[in-house]
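Student: Could you take me through one part of this structure up close? I'd like to start at the annotated site and then see one helix in detail.

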Amino acid sequence: MTNGPQGKEQAIFAGGCFWCTEAVLKDVRGVEKVESGYIGGQVPNPTYRAVCGGDTGHAEAVRVTFDPAQVSFRDLLGLFMATHDPTSLNRQGADVGTQYRSAVFPLTAEQERETREVFAELDAQNVFGQPIVTTIEPASEFYVAEDYHQDYFANNPRQPYCAAVIAPKVAKLRKSYGDRLKAHAQV
């Protein structure tokens, strides 16, 4: 079953700061588009400032459009889980609050089933040394973030947050999962 344009599928992940999640997933082979945005809150058309304030209920998230013939949802979920801390409740590093929660917003019953299976497998293998606290939340309206948030790491690689926080995550992805990356992004 598809949930994206013309046979493509989509997935929505929240892993703290959306700049980080976007940067690590955009170069995965089969990923056609990654949009930073907001999901899971009560306020229509939220702004970055409102979401950062923590009062809208939204999470910073990314919507990934991908070709399932090249990369599966399960593979994307595995990469997402490996490149952030899924054991930290409402926090990723110095970013604290529900807007930085770790969450998956399944768009199909199959995505929800696969997410539950992957979480159970990872917890059973004690992969992270602590239980996964990543939530599985019903998908609600996804609001695309302001333009300056799109491709943030690519456009601001020397910005201190990007250099200190995002660059190591991208380096980890390239080192550990280079075989899954687009040719231009491989080590």
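Tutor: Sure. Let's begin with Cys17, where UniProt, in an unreviewed entry, places the feature "active site". Keep in mind that this is a predicted model. Along the chain, Cys17 sits in the loop that links strand E1 (9–15) to helix H1 (18–25). Is Cys17 buried or exposed? Its relative accessible area is 7%, and the cut-off for buried is under 20%, so Cys17 counts as buried. As for its surroundings, leaving out residues up to four places away in sequence, Cys17 touches Glu60, Asp95, Tyr100 and Tyr161.

Now for the helix. H4 runs over residues 109–124, which is 16 residues. At 1.5 Å a residue H4 should span 22 Å, and its end C-alpha atoms lie 23 Å apart, so the expected and modelled lengths agree. Which residues of H4 are buried? They are Gln111, Glu114, Thr115, Val118, Phe119 and Leu122. These residues cover an arc of only 135 degrees around the axis, so they sit on the same side of H4. Turn to the face pointing away from that buried side and you find Ala109 and Ala124, both exposed.

What covers the buried residues of H4? The cover includes E1, along with helix H3 (73–82), strand E6 (102–104) and strand E7 (135–136). E1 ties this back to where we started: the loop holding Cys17 lies between E1 and H1. Past the end of H4 comes Asn126, and its phi is positive, near 50 degrees.

Let's zoom out and put those pieces in context. The chain has 6 helices and 8 strands, and in sequence order they read β-α-β-α-β-α-β-β-β-α-β-β-α-α. Its radius of gyration is 15 Å, close to the 16 Å that the globule rule gives for 187 residues, so the chain is as compact as a globular protein of that length. Along the principal axes, the C-alpha atoms fill a box of roughly 40 × 40 × 40 Å. Across the 187 residues, 48% count as buried. If you take the contacts with a separation of 6 or more, 75% of them come from residues 24 or more positions apart. On the outside, the chain exposes about 9000 Å², with carbon and sulfur atoms supplying 51% of that area.

Key. Residues are numbered from 1 along each chain as its sequence is written. This is a predicted model: local features need pLDDT of at least 70, side-chain atom pairs count only at pLDDT 80 or more; totals for chains, interfaces and linings use all residues. Side-chain values use heavy atoms; hydrogens and water are left out. UniProt positions are given in the numbering used here, feature names are shortened, and annotations may be inferred rather than shown by experiment. Helices (H or I, at least four residues) and strands (E, at least two) are DSSP runs, numbered from the N terminus. Buried means under 20% relative accessible area, exposed over 50%, partly exposed in between (1.4 Å probe, protein chains only). Contact means heavy atoms within 4.5 Å. The expected span of a helix is 1.5 Å times one less than its number of residues. The arc is that of the directions from the helix axis to the C-beta atoms. The radius of gyration is taken over C-alpha atoms; the globule rule is 2.2 Å times the number of residues to the power 0.38. Accessible areas come from the Shrake-Rupley method with a 1.4 Å probe; for residues, only the protein chains shown count as cover.
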